[in-house]
Amino acid sequence: MKSTWGVIATSTAEKEGAMIRYPSTIMGVFLLLVLCIAPKGMAETAGNDKPDKQGAEAAQEYSVPPPLVYQSLYPCQACHRRDTRGVSSQLEKESGFLGKYIRKPDPQPRILIKMHRNINLNHAEWMWCLNCHDTDERNYLRLITGEKISFEKSYRLCGQCHGSIFRDWKIGIHGRRVGNWKGKKLYLLCSHCHDPHSPQFRKLPAEDPPRSPNYGRWGVIEHEQE
Amino acid sequence: MDRRKFIKGAVSSLAVLALSGCDQTIEEFLQNHFLEMSKDDMEAARNRLIKQYREKFGMDFKLGMEPALPEVLYSYGLDLSRCIGCRRCVSACVQENNQSRKPQIEWIRVLRMKNGSLDLEESEHYYEAEMVPKEGYYTIPIQCQQCENPPCVKVCPTKATWQEPDGIVVVDYNWCIGCRYCMAACPYWARRFNFAEPSIPKDEINPNIHYLGNRPRMRGVVEKCTFCIQRTRKGRYPACVEACPVGARKFGNILDPESEISKVIETKRVFRLKAELNTQPRFYYFFSI
């Protein structure tokens, strides 16, 4: 943005000598330049009010199929919530900020013995639940900046560490897309293919090999078998 | 009987004799080449085929004849560092494109190669259905490479196969005489021949068909991958792209700089199979790691 104005400033300074000789032409050209560049420049300034890359990334929407967790345990706050029964004011109830936890969150990293025992956590040694899940509002995930994001935007969470993969995912090189190459397509989330708690891709059984054309040559003739 | 009448009679009775030997109808026999059909011819061919398929399979087909989209040139990318060789693409392709189950025809062939080697002679495509990926091996799926300079088109004596403006090499099954020159010319082993009458279970038939693509074929014609012409010309992804569980398959318009395939070519290391033959495939293999 600054550079655009900078260029105009220097070019006008250079032209000042010439301006004495051909005032009307130069002024015309200058006006034309200003008219062409100014609206674009102003629009850019308005856009630049947003913080930076981070802001742009947050605003970028990708249409994704519903996250898998929506079919299983979600909403997490069915259990992980505060009990608002003793709270009188409606506002406080809605904010869910007052009241006691039904089960108070324990921020201490530990091996879970009572609940979620089916989760096999095998994703970087130091990681545990609250690195990704928000402590207070379990229906959300939490970025390292403290920003809460929904499960539909979980790619931003994964992208915090896996930057190069995230970059490839955004332009369609990593991961799967379904729908239309021209028009609406769905971007599968990281968690559609990788279990976020144990993200390494699992082995799959291959499908049957093609039938060998050897039948008929060593006595096994296909239509005789029928 | 004068000379003219005799010749007329002889020709017509010969035609009847010729037709009685095969199961072709007279309309089918006299049908024009697809590229030379008028609007009326196309409509007639469509009606004839839909009627014929209804009699044969007992269901209504949607037969498309869409021409190539303007400003579109398809290209395909396949990520060799992701492919695990599970053959999901093969079965999706068979389902989508009405390939014969018996005798078996598969347009995609998945080659298993030893790590560190790119010698196709040493590849194995009958490998067992076990858990994949297998250590020490990698896999290269091979299908029609939709060459820009296709040797199969050059050798066809009846012009039954040609390249469409969007880059897809197609076959007019009604003009194919089954000489299999194209199969001999193809360096990628991509074309298949219907040695016997193809058979598909009725409940597995895909009724969304294209004249130049997945319409049910007859005995004695050659067929091949068409990038799922019946889907891609409507803007959809090919069936193999959607089926790949690891997302190794990429498809798009190479003339659009924002498309996935353009980004692949721009940012990854790509190669084309047997590039030294100057067939200029539109099928790019790449490594994303």
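Start at the place where the two chains meet: 24 residues of chain A and 36 residues of chain B make the contact, where two residues are in contact if their C-beta atoms, placed from the backbone, lie within 7 Å. Before clicking on, note that this is a predicted model, in which local features need pLDDT of at least 70, side-chain atom pairs count only at pLDDT 80 or more, and totals for chains, interfaces and linings use all residues. Residues are numbered from 1 along each chain as its sequence is written, while chains are lettered from A and ligands numbered from 1 in the order in which they are written.

**Stop 1: the A side of the interface**

Select α6 (163–171), β5 (177–179) and β7 (204–205) of chain A; these are the elements giving two or more residues to the side of chain A that touches chain B. Helices (H or I, at least four residues) and strands (E, at least two) are DSSP runs, numbered from the N terminus. Colour that side of chain A by class and you get ten nonpolar, seven polar and seven charged residues. Here Ala, Val, Leu, Ile, Met, Phe, Trp, Tyr, Cys and Pro count as nonpolar, Asp, Glu, Lys and Arg as charged, and the others, Gly among them, as polar.

Now add strand β4 (residues 131–132) of chain B: β7(A) pairs with β4(B) in the antiparallel sense over two bridges, pairing being called when DSSP finds at least two bridges between two strands. Pick A:L204 and you'll find B:V132 of β4(B) opposite.

**Stop 2: chain A on its own**

Show chain A alone and look for its eight helices and seven strands. Of its 226 residues, 8% count as buried; buried takes 20 or more other C-beta atoms within 10 Å of the residue's own, exposed 12 or fewer, and partly exposed is in between, with C-beta atoms placed from the backbone. Among contacts in chain A between residues at least 6 apart in sequence, 44% join residues at least 24 apart.

**Stop 3: the two domains of chain B**

Switch to chain B and colour domain 1 (3–59) and domain 2 (74–287) separately; such bounds come from an automatic or database domain assignment. Taken over C-alpha atoms, the centres of the two domains of chain B are 31 Å apart. Nine residues of domain 1 touch eleven of domain 2 in chain B. On the domain 1 side, helix α3 (residues 39–57) of chain B gives the most, with three residues. That same side has five nonpolar, three polar and one charged residues.

**Stop 4: a sheet in chain B**

Next, select the open sheet of four strands, ordered β11-β2-β13-β12 (chain B), with mixed pairing. β11 and β12 (269–271) of chain B stand at the edges with a single partner strand each, so one side of each has no neighbour in the sheet.

Which strand does β2 (residues 74–79) of chain B join through five bridges? That is β11(B), and the two run antiparallel. Along this pair, B:L78 faces B:R249 of β11(B). Strand β11 (residues 249–253) of chain B is mostly covered, with five of its five residues buried.

At the other end, β12(B) and β13 (residues 283–287) of chain B pair antiparallel over three bridges. Click B:V270 there, and B:F286 in β13(B) is opposite.

**Stop 5: a loop residue**

Finish at B:I177, in the loop between β7 (169–171) and α6 (181–185) of chain B. B:I177 counts as partly exposed because 13 other C-beta atoms lie within 10 Å. Draw a distance from B:I177 to B:T279, 102 residues apart along the chain: their C-alpha atoms are separated by 24 Å.
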